[in-house]
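User: Please give me a close look at one part of this model. Keep it brisk, and spell out the cut-offs as you go.

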Amino acid sequence: MTDAVQTPSLDNFTKRVFSGIQPSGGLTLGNYLGAVKRFVEMQNDDFETIYCVVDQHAITVWQNPEDLRFRTREIAAFFMASGLDPSKSILFNQSAVPEHAQLGWIFNCVARMGWMQRMTQFKDKAGKNAQNASLGLFGYPALMAADILVYHATHVPVGDDQKQHLELTRDIAIKFNHDYGVDFFPVTEPVIGGPAARVMSLRDGSKKMSKSDPSDLSRINMSDDADTIAKKLRKAKTDPDALPSEEVGLEGRPEARNLVAIYAALGEETVETVLRDVGGKQFSEFKPMLVERAVEKLSPISGEMNRLMQDGAEIDRVLKEGSLKARAIAEPILRKTYDIVGMLQP
Ligand code: AQP
């Protein structure tokens, strides 16, 4: 998007991961497989890892304050129940680190209206009533860029739906570096992939599984008990054919592909290896296998989430400690940004 492009090598930066989840509703299997499961994998790799409950993004649409507080703790509990360890990863909520919003303002002045107008998520979320959407909903990708770049994060694990926002983050970094003649912000690498980069609705294989879908049968919620998970998977839309033995046989069968991808991701397998085992089976045989695997994997996480939610004070303590660690990284980066931009800091 800019004419002269400066791309400082990522080798010049600490290998650092940032990602987040909005406390804007219940958590789904899509959030787990597309995002948090990857967060845990990266925590155990050779990265510094920073994970955030992005409460300032959530209020781009109306949130009841009590619900927002509850869900912020719930996502922190979800992080920990899924395997994020506060002694290995920094866990905190966005509003506790004011440097996000401060850098977000600078990026509002770097991002261009035309870039924001192309964001498909704004179009989807604002729908036909765009004039009534909040300015925050329109500008939120610039704040997301600040969330990432205020830590000079080099890698961002997200689901496939966030790809466009990460491209915008890269454009903002490139334009900032170019406009001010610096090599200051890294051009972040998205980490998207695996069989469940986009988990689809159980009712319609062409739509993303989403917490805001009006049909609860369209998604597995992380809070669903074993019976509910089984019921939803048994009712999941399929087609009348048997499963193929090779991936090419899933073409034009989005619901079949989705269920196989979920099964693969839950079991750390690829779609290819799963099909080698289940090719030729009818859904009546495959669905019980999927139920068994989903319950085995998800029940311990929801059980642990419930246990952690009994002690809100302990969750707050973890978030507070995380926010102090996060600020220790963000504050000098923001100060240097102000300096580059020419803000007097007497
Ligand atoms: N269906 C999905 N498949 C794979 N990844 C997904 N993610 C969300 N849904 C899927 C990933 O989860 C992370 C956090 O997302 P978020 O809750 O902050 O925002 P979202 O993408 O807007 O989530 P929803 O459920 O789709 O919310 P609504 O219904 O409000 O639009 C991100 O990494 C996202 O990619």
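Analyst: **One helix, then the ligand**

Helix 11 spans residues 271–278, and its buried residues are Val271, Val274, Leu275 and Val278. Seen down the axis of helix 11, these residues fall within an arc of 100°, so they line one face of the helix. The arc is taken from the directions from the helix axis to the C-beta atoms. An α-helix has 3.6 residues a turn, so residues three or four places apart point the same way.

This is a predicted model: local features need pLDDT of at least 70, side-chain atom pairs count only at pLDDT 80 or more, and totals for chains, interfaces and linings use all residues. Numbering starts from 1 along each chain as its sequence is written, and side-chain values use heavy atoms, without hydrogens and water.

Buried means under 20% relative accessible area, exposed over 50%, partly exposed in between (1.4 Å probe, protein chains only). Helices are DSSP runs of H or I, at least four residues, numbered from the N terminus.

The buried residues of helix 11 pack against helix 10 (254–266) and helix 12 (283–309). Contact here means heavy atoms within 4.5 Å. The face turned away from the buried side carries exposed Arg276 and Asp277. Gly280 follows helix 11, with a positive phi near 95°.

Now the ligand. It is surrounded by 21 residues, each with a heavy atom within 4 Å of it. The closest are Asp161, Lys208, Ser210, Lys211 and Ser212.

Technical notes:
Helix = DSSP H or I, 4+ residues; strand = E, 2+ residues; numbered from the N terminus.
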